[in-house]
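Good morning, everyone, and thank you for making time for this short presentation. Please have a look at the sequence and the structure before I begin.

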Amino acid sequence: MLLSINGLTKSFQDLHVIKNVDITVEKGKVVTIMGPSGSGKTTFLRCLNGLELPEQGHYQFGDGFTLDFTQKLTKKDMLRLRRKSGMVFQSYHLFPHKTALQNVMEGPVIVQKKDKQIARNEAQQLLTKVGLHDKMDLYPHQLSGGQQQRVGIARALAIEPELMLFDEPTSALDPELVGEVLSVIKELANEGWTMVVVTHEVSFARHVSDHVIFMDGGHIVEQGPPKDVLEKPKEPRTQQFLTRIVKER
């Protein structure tokens, strides 16, 4: 077990976005979260690395690190939480005034205080890993959406996280660019990275995930192995969602 979450609850004023959610993420496994817009998927992901703070919930990491969100958290606790995961956003979030290489180096050098030459060498290796060995000195505006997203993946990997978080990583891409990003994520899965992926890509969820969660209205409606949830869903709401997604695709 890498992470066990119990009773996660998150609200924005009177809007209850996450309602008493329990999830276990096993080390080396891929958890895919699916659901309609507004179901709480992205908020849940942001709670995992401290971009949003729940009102309630308990995190238990495999190394013994725990967080109780009903108690006041220290700055040290939050920093430790954020260093455990790397986040890949929908909209890339790259620094526009920095090259691909500089974007990937930023976290290790600025946050982790790593030696610049070591960080440079590791960033070059990561950009090569995601198929951008010839794009290292280009700026974000000189890259396609798919290339920018792959820089984002390399940047998240650069901090050597225990957990990779993907927030609909292909939703902002033209259809012909989706495959190049998904292939990188599939390769990471094959290498044994622990990942939580929010996506509408049913084929990806079916072939890459170890565990699929369907959320709606801030709740987990159904979860289990991909074959069960995606091919033989028990809940009518899951069935309705998957039928609509397949038609749209």
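I will talk about a pocket and then about some aromatic rings, and please keep in mind that this is a predicted model.

Let me begin with the empty space, since rolling a probe the size of a water molecule over the atoms shows where such space is left. The largest pocket holds about 560 Å³ of space, and of the 20 residues that line this pocket, the closest to its centre are Ser85, Met87, Gly107, Val111 and Ile159. Which elements supply at least two residues each of this lining? They are helix H2, strand E6, helix H3 and helix H5, and the largest share, four residues, comes from H3. Sorted by class, the lining of the largest pocket has eight nonpolar, eight polar and four charged residues.

Now I turn to the rings, where a search of the whole structure finds three aromatic pairs, and I will describe two of them. The ring centres of Tyr59 and Phe69 lie 4.7 Å apart with the planes at 70 degrees, and because an angle over 60 degrees counts as edge-to-face, that is what we call this pair. Tyr59 belongs to strand E4, whereas Phe69 sits in the loop between strand E5 and H2, so that the pair links distant parts of the chain, 10 residues apart. Both Tyr59 and Phe69 are buried.

For Phe61 and Phe65, the centres are 5.6 Å apart and the planes at 20 degrees, so this pair is stacked. Both Phe61 and Phe65 are buried, and Lys84 lies over the face of Phe61, at 4.8 Å from the ring centre.

Methods:
Residues numbered from 1 in each chain as written. Predicted model: local features only at pLDDT ≥ 70, side-chain atom pairs only at ≥ 80, totals over all residues. Heavy atoms only, no water. 1 Å grid on protein atoms, 1.4 Å probe; cavity = no way out; pocket = protein on both sides within 12 Å on 5 of 7 lines; lining within 4 Å. Points joined across faces, edges and corners; volume = space filled by probe spheres on them. Nonpolar A, V, L, I, M, F, W, Y, C, P; charged D, E, K, R; others polar. Phe/Tyr/Trp six-rings, centres within 6.5 Å; stacked < 30°, edge-to-face > 60°. Buried < 20%, exposed > 50% of the residue type's maximum accessible area, 1.4 Å probe, protein only. Lys NZ or Arg CZ within 6 Å of the ring centre and 35° of its normal.
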